[in-house]
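Let's take a walk through this structure together. Keep the picture open while you read, and find each spot as it comes up.

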Amino acid sequence: MKRYLYNYQTIVTFSEPVSAHGVMLRCQPVTNAFQTIEQEHVVASPDYWLTAGTDAFGNRILFGGANEPHTVFAYVSTGIVSTEMYFLKHRGENIFLYRQPSQLTQLNDAMRDAAVTDADASIAERAQQLCHKVYEMMKYAPETTTVETPACEVFSRRCGVCQDYAHLMIAFCRANGLPARYVNGFLEGIGKTHAWVEVFDGYGWQGYDPTHDRELLHQGYVKIAHGRDSADCPVSRGMFRGQAIQQTQISVTLQEL
Amino acid sequence: MNIKLTELTDSRDSVNKWMERYGVRFGVYKNGVFNEQLFPFDPVPRIIGKEDWAYLEKGLRQRVMALNKFLWDVYHEKKIIKDGIVPEEFVYSSKGYLPECEGISPTGGVYAHIAGIDLVEGKDGQWYVLEDNLRIPSGASYPMIARQITRRVSPATFASHAIAENRGYADLLRDMMDDMNDGRGISVILTPGRYNSAYFEHSYLAEKTGATLAYPGDLYVEDNKVYYSGIYKERTRVGCIYRRVSDEYMDPLVFEASSLLGIPNVMQAYKAGNVALVNAIGNGVADDKGIYYFVPKMVEYYLGEKPILQNAPTYLPYFKEDYDYVLANMQRLVIKDVSEAGGYGVVFGKDLTEEQLDELKALIIDQPRRWIAQEVIDFKDLEILEDDGVSTSPKGLVERKADLRAFVVSGKDTRVWCSGLTRFSRNPNSFVVNSSQGGGFKDTWVMTE
């Protein structure tokens with residue numbers, strides 16, 4: 001078992017006051033078989049009404065809003081989480097959803113050809129092969145893609161960030177009939193949020209990080225949410241009335257204790 | 001029955017003129033330009049006899065009750081999938097299936113509060129269901145106002161015949177909204193606004209039901225409850241939203257992020273049971289072209305009854321037996337593409353050349369799940385007053401294709417409106433009765449004797 005202190009902070013500044021601001025946040029680690037929350041706190045400003053709930057995929061959400069005009073929206077989610085070996089037993093989720101191509105993971109013929117794996121190998125071996133394949137094929141290049149870049153475009157450009165690596169691997173898994181889903185969370189160290197993949201092996205979900213060519217047996221990964229692709233589980237989503245231009249600053253720290 | 005047709009036909013122009021004055025129109029976007037058109041009214045009514053109606057009413061109630069149970073099942077226990085009645089890919093790959101609705105329990109378990117069931121009558125007198133519309137079926141306001149005006153122009157017609165009252169639609173809606181609201185607050189009709197094609201209907205129904213007509217921005221969520229704030233900036237709790245905004249625009253925090261029509265966080269308030277949405281979100285999964293085939297099976301599965309209303313005979317190439325039949329009989333069938341985005345649409349086998357048939361065959365062989373095929377139904381034509389362009393001296397009656405949209409309203413119980421929207425095609429060779437294709441509508445008389 002390992003214990004981590006996490007601190008996740010977002011500051012959104014608006015160029016002029018906004019009102020009727022609604023938000024939906026996925027900023028708290030989930031409690032599951034490999035991860036336990038020991039302590040947690042969320043603070044937000046201005047004084048939003050915030051309510052806890054779950055989304056369509058069983059992720060924790062905080063939703064709320066502020067109607068009065070304001071120019072800054074800031075929140076911090078912090079706490080202590082302990083982790084075990086990464087594996088999630090199947091608990092009756094709808095596996096079929098994760099086998100169908102989703103909006104950002106549509107396949108084309110060239111991708112199907114590239115995704116061919118050894119059909120005799122086990123699911124875990126095939127997932128590992130695909131993880132490696134994506135890692136080899138891609139070049140890590142920030143700011144070459146956006147949050148809306150679909151896997152087929154990533155495939156033709158062969159570059160991107162963790163989200164793009166994950167989408168490509170998910171598309172490849174689904175081309176092989178393997179249910180796969182997108183995960184976002186924190187990676188040990190200081191930086192931004194990270195994205196990786198979970199593949200269903202018939203018993204449960206195993207984690208893979210194609211950006212680092214790793215099977216996630218070991219710790220150092222704290223999971224927040226999952227979905228069919230990144231569009232299902234963004235860390236934050238907001239909506240306001242006004243003409244303001246917004247700037248967002250995010251910082252994440254995950255420190256072993 | 002002895003209806004003096006001349007009294008009605010003579011009144012056509014004045015009825016149409018009155019409708020124009022009342023602003024009974026629908027908007028159409030063509031090449032990015034918004035235009036408003038009148039929906040031409042034809043004075044010769046469709047008449048449905050008492051017994052025929054009793055049969056339809058029973059069948060419609062049964063069908064809508066089964067569809068509501070199906071929707072509950074899809075978003076909860078999924079028994080019909082587990083029992084192998086409906087294959088899972090027909091549900092989960094349907095564009096209308098919204099995972100965001102999993103586990104949400106709408107007030108009273110009702111999903112399709114207002115169902116618009118499109119039927120045609122065959123030449124053999126048999127009625128067939130062509131389509132179920134369970135999202136935002138529109139069109140009820142047209143026969144309502146047409147009857148209101150005709151009654152004024154030709155009062156004797158309604159005094160001397162036993163025609164069922166159609167003013168009851170507003171009461172059906174009102175009762176249903178009250179059931180769903182459950183005393184939580186006011187009921188509103190949410191319109192996308194002035195430039196929506198059915199804006200006339202939104203405002204008309206608001207007036208007739210006494211609901212508040214709300215525009216985007218009038219509704220907001222606070223402390224997980226929905227409030228209305230109109231021009232006086234008042235703050236009034238809302239218990240039921242009859243929304244004429246489609247699913248994907250309802251909550252920009254859950255669906256289409258760029259939507260300005262929606263209400264941020266309304267899905268959470270809905271999930272918490274703090275507001276009723278009419279119709280429920282996620283109904284598209286039950287009125288999908290591929291799911292249509294299974295509706296009679298749903299009636300048997302959920303209600304343990306024999307289906308009263310028939311579908312048009314439909315084949316799913318997904319099943320081996322149907323696959324063989326479809327490939328062997330393509331010339332006489334209508335083939336429909338189920339995949340929504342950029343599909344083939346609807347094609348009649350008889351209109352295709354040999355090459356086109358082979359091409360389509362190859363597509364069906366490649367992706368059988370993507371297609372359904374139906375027998376062509378020989379519609380019974382209805383008479384309309386032919387338009388000679390000058391419109392003051394009608395030439396006489398001609399026969400045209402027509403369908404009937406029946407409206408079924410479900411609150412605490414399921415009731416069928418004793419009328420409906422009969423649409424016809426002006427073009428003698430066309431089966432398309434869509435209002436944006438230049439068709440018109442008639443009143444639908446349900447007889448009580």
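## A hairpin to start with

Let's begin at a turn. β4(B) and β5(B) form a hairpin with five residues between the strands, and in it G125(B) takes a positive phi near 85°. Keep in mind as you look that this is a predicted model.

Now follow the two strands away from that turn. Strand β4 of chain B covers residues 114-121, and strand β5 of chain B covers residues 127-133. The pair runs antiparallel, joined over six bridges. For one bridge you can look up yourself, start at L119(B): its partner in β5(B) is V129(B).

## The other neighbour of β4(B)

β4(B) also pairs with strand β19 of chain B, residues 402-410. Six bridges hold this antiparallel pairing too. Here, try D118(B), whose bridge partner in β19(B) is R405(B).

How many residues of β4(B) are buried? Seven of its eight, so the strand is mostly covered. And here's a handy rule for reading any strand: when it is regular, its side chains alternate between the two faces of the sheet.

## Chain B as a whole

Zoom out, and chain B turns out to have 14 helices and 22 strands. Its radius of gyration is 22 Å, close to the 22 Å that the globule rule gives for 449 residues, so chain B is as compact as a globular protein of that length. Along the principal axes, its C-alpha atoms fill a box of roughly 60 × 60 × 45 Å.

Of the 449 residues in chain B, 43% are buried. Take the contacts in this chain with a separation of 6 or more: 69% of them are between residues 24 or more positions apart.

## Two domains in chain B

The domain assignment splits chain B into domain 1 (5-306 + 379-446) and domain 2 (313-375). Notice that domain 1 is written as two stretches of sequence. The centres of the two domains, taken over C-alpha atoms, are separated by 29 Å.

Where they touch, six residues of domain 1 of chain B are in contact with seven residues of domain 2 of chain B. Which helix gives the most to the domain 1 side? That's α11 of chain B (residues 289-292), with three residues. By class, the domain 1 side has two nonpolar, one polar and three charged residues.

## Chain A and one buried tyrosine

Over to chain A, which has four helices and 16 strands. With 257 residues, a compact globule would have a radius of gyration near 18 Å, and the 19 Å of chain A agrees with that. The C-alpha atoms of chain A fill a box of roughly 60 × 40 × 30 Å along the principal axes. Buried residues come to 42% of its 257. Among contacts in chain A between residues at least 6 apart in sequence, 74% join residues at least 24 apart.

Y6(A) makes a good example residue, and you'll find it in strand β1 of chain A (residues 2-25). Is Y6(A) buried or exposed? Y6(A) is buried because 23 other C-beta atoms lie within 10 Å, and the cut-off for buried is 20 or more. Leaving out residues up to four places away in sequence, Y6(A) touches several others, including P29(A), T78(A), F186(A), V222(A) and L254(A). Compare Y6(A) with I224(A): 218 residues apart in sequence, but 12 Å apart in space from C-alpha to C-alpha.

## Cores and the contact between chains

The largest nonpolar core has 178 residues, and those with the most contacts inside it are M169(A), V197(A) and L67(B). Look around V197(A), again leaving out residues up to four places away in sequence: among the residues it touches are A166(A), M169(A), Y182(A) and P210(A). Apart from the largest core lies another, of five residues, among them L382(B), I384(B), L385(B) and F424(B).

Finally, look at where the two chains meet. Chain B brings 17 residues to the contact and chain A brings 15. On the chain B side, α5 (88-92) and β8 (219-222) each supply at least two residues. β8(B) gives the most to that side, with three residues. Sorted by class, the chain B side has eight nonpolar, four polar and five charged residues.

Note on methods: Residues are numbered from 1 along each chain as its sequence is written. Chains are lettered from A and ligands numbered from 1 in the order in which they are written. This is a predicted model: local features need pLDDT of at least 70, side-chain atom pairs count only at pLDDT 80 or more; totals for chains, interfaces and linings use all residues. Two residues are in contact if their C-beta atoms, placed from the backbone, lie within 7 Å. Ala, Val, Leu, Ile, Met, Phe, Trp, Tyr, Cys and Pro count as nonpolar, Asp, Glu, Lys and Arg as charged, and the others, Gly among them, as polar. A nonpolar core is a set of buried Ala, Val, Leu, Ile, Met, Phe, Trp, Tyr and Cys residues joined through C-beta atoms within 7 Å. A residue is buried if 20 or more other C-beta atoms lie within 10 Å of its own, exposed if 12 or fewer, and partly exposed in between; C-beta atoms are placed from the backbone. Domain bounds come from an automatic or database domain assignment. The radius of gyration is taken over C-alpha atoms; the globule rule is 2.2 Å times the number of residues to the power 0.38. Two strands pair if DSSP finds at least two bridges between them.
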